Amino acid sequence: MKGKNQKNQAQITAKHGTGQGKMKQNQGKVHKGNHQSMKPTKVNKIPQQTPVSRSNQSRPASSSSATSSSTPQLSALQQKFMDKLGGARFRTINEELYTTSGSSAFQAFSQDPSKFHIYHSGYRIQAQSWPCNPLDYVIQWIQKHHSNAVIADMGCGEARLAATLSNQTVHSFDLVAANDQVTACDIAAVPLPDNSVDVVVFCLSLMGTNLNDFLKEAFRILKINGLVKIVEVRSRFEDGKGIKKFLQYLKTTHAFQLIQTQDEELDTQLLDNKMFFSVECRKIAPRGIFTHNFSLKPCVYKKR
Ligand code: SAH
C-alpha cells in the first residue's frame, strides 16, 4: 500500500511513559496535526435511548467465510457443520478477548495467529447486521476535521482506516499484523514515542480487562491537545449509569478533558446512537493519574 500510512514494526524503538521514546531514522514522516480544528467544548451529549445490544441479538458468525476458502467443495451438510464450528470458535475467541488482559491476548494470538483470522471472519459477519459500521463514522470524522492529523489506530483489525486515509500518517496496531500496514502488539504498549500523535482511535477495541492501561498508553503517545476518540457498543456500559461512571473515570485521570463532538450532524447521520456510544477527550496535561482500572461489560454474541 502506498501513501503515508506507517508500519512501525522493527522500525521504532518502544519506550513507555518515560518521555524518552525515540523513533529510529527510517520511520516515516510525521505530520503536524491541525490543532486549530480541535477546540475544547463540552461533554458529548448522551442520547436518552435505552441501551440496546444488537450484538447480543444479532445472528452469530454462521456464514462460511471462516472456513469456506480452505474447503470449497463441501456438501451442504458439511458446510452447515463447518459454519457452526466457525461461529462457535468466533464466540469463544470473542469471549477470550473480553475476559483477559491485553498482554494475555497478545501472547495467545502470537502463539496462534489463526485466532485473529477466525475472529475477523465472524466479526465481518456480525458487522453486516449492524445498522451502521462505527469505523465509517470515525473515518468521516477524521476526513472532515482532522485531515492533517497523525493518527494511531489502536486495535485496527484489518486496518481499513489506514487503507482509506491513505494520504495521512496512520499508525495501525493490533494483536496480529493482518497486512503490511499493521504492527502486531498489545495496545497497552505500542512502539511509538511519547507525545507523537494527534489523534488516538479506539473503535470497538477496548476489549481487554485492563482498560486503564490502554488509556494510559493513549495518553502517553498523544501530543498535548491531541484527541482520543472512543467508539464502543453502548450495552457494554451498565445501563445509563455506566456511561456516567466512565466519563467520571476519564475525569479522575486529570489527563483528559471531555469534549463535545464537533459535528453532531455526522454523529446523527453515521452513528446509530442506540447501539454505539462515542466520546472524544483532549489531552490537557503532561501527566495523568492512572491508578484505577475501569471495567466494561463484555460484548457477547449469543448462539442462534
Ligand atoms: N477497529 C477495527 C476493529 C474492531 S475489532 C474496526 O472498527 O473495524 C477489535 C479489534 O481490537 C480486534 O482486531 C482485536 O484483535 C483488537 N484488540 C483487542 N484487544 C487488543 C489489544 N490488547 N491489543 C491490540 N489489539 C487488540
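The following questions and answers examine how terms are applied to this predicted model.

Q: Why is Asn195 called partly exposed?
A: Partly exposed is the class between under 20% and over 50% relative accessible area. Asn195 has 44% relative accessibility, so the residue falls in that class. Asn195 lies in the loop between β5 and β6.

Q: What makes Arg220, Ile221, Leu222, Lys223 and Lys283 contacts of Asn195?
A: Contact requires heavy atoms within 4.5 Å. Asn195 touches these five residues, with residues up to four places away in sequence not counted. In addition, the C-alpha atoms of Asn195 and Ile224 are 6.9 Å apart, although 29 residues separate the two in sequence.

Q: What makes the pair Asn195 and Lys283 a polar contact?
A: The limit for a pair of N or O atoms is 3.5 Å, and within protein one must be able to donate a hydrogen and the other to accept it. The side chains of Asn195 and Lys283 are joined at 3.0 Å, so the pair is within that limit.

Q: Why are β5 and β8 said to stand at the edges of the sheet?
A: The open sheet has seven strands in the order β5-β4-β3-β6-β7-β9-β8, with mixed pairing. Each of β5 (182–184) and β8 (256–259) has a single partner strand, so one side of each lacks a neighbour in the sheet. From one strand to the next, the twist averages 25 degrees.

Q: How do you know that β3 pairs with β4 and with β6?
A: Pairing requires at least two bridges between two strands. Four bridges link β3 (residues 151–154) to β4 (residues 170–174) in the parallel sense, so these strands pair. Three bridges join β3 to β6, also in parallel, so that pair qualifies as well. Met154 stands opposite Phe173 in β4, while Ile151 has Val199 as its bridge partner in β6.

Q: How do you know that β6 pairs with β7?
A: Six bridges join the parallel strands β6 (residues 197–203) and β7 (residues 222–233), so the requirement of at least two is met. Cys203 stands opposite Val231 in β7.

Q: Which residues point each way from β3?
A: Ile151 and Asp153 point one way, Ala152 and Met154 the other, and all are buried. In a regular strand, side chains alternate between the two faces of the sheet.

Q: What makes Asp174 a polar partner of the ligand?
A: An N or O atom in the Asp174 side chain is 2.6 Å from a ligand oxygen atom, so the pair lies within 3.5 Å. The protein buries 97% of the 570 Å² that the ligand exposes when taken alone.

Key. Residues numbered from 1 in each chain as written. Predicted model: local features only at pLDDT ≥ 70, side-chain atom pairs only at ≥ 80, totals over all residues. Heavy atoms only, no water. Axes fitted to C-alpha atoms, helices over the stretch in contact; angles between N-to-C directions. Buried < 20%, exposed > 50% of the residue type's maximum accessible area, 1.4 Å probe, protein only. Areas by Shrake-Rupley, 256 points an atom, 1.4 Å probe, with all protein chains shown as cover.
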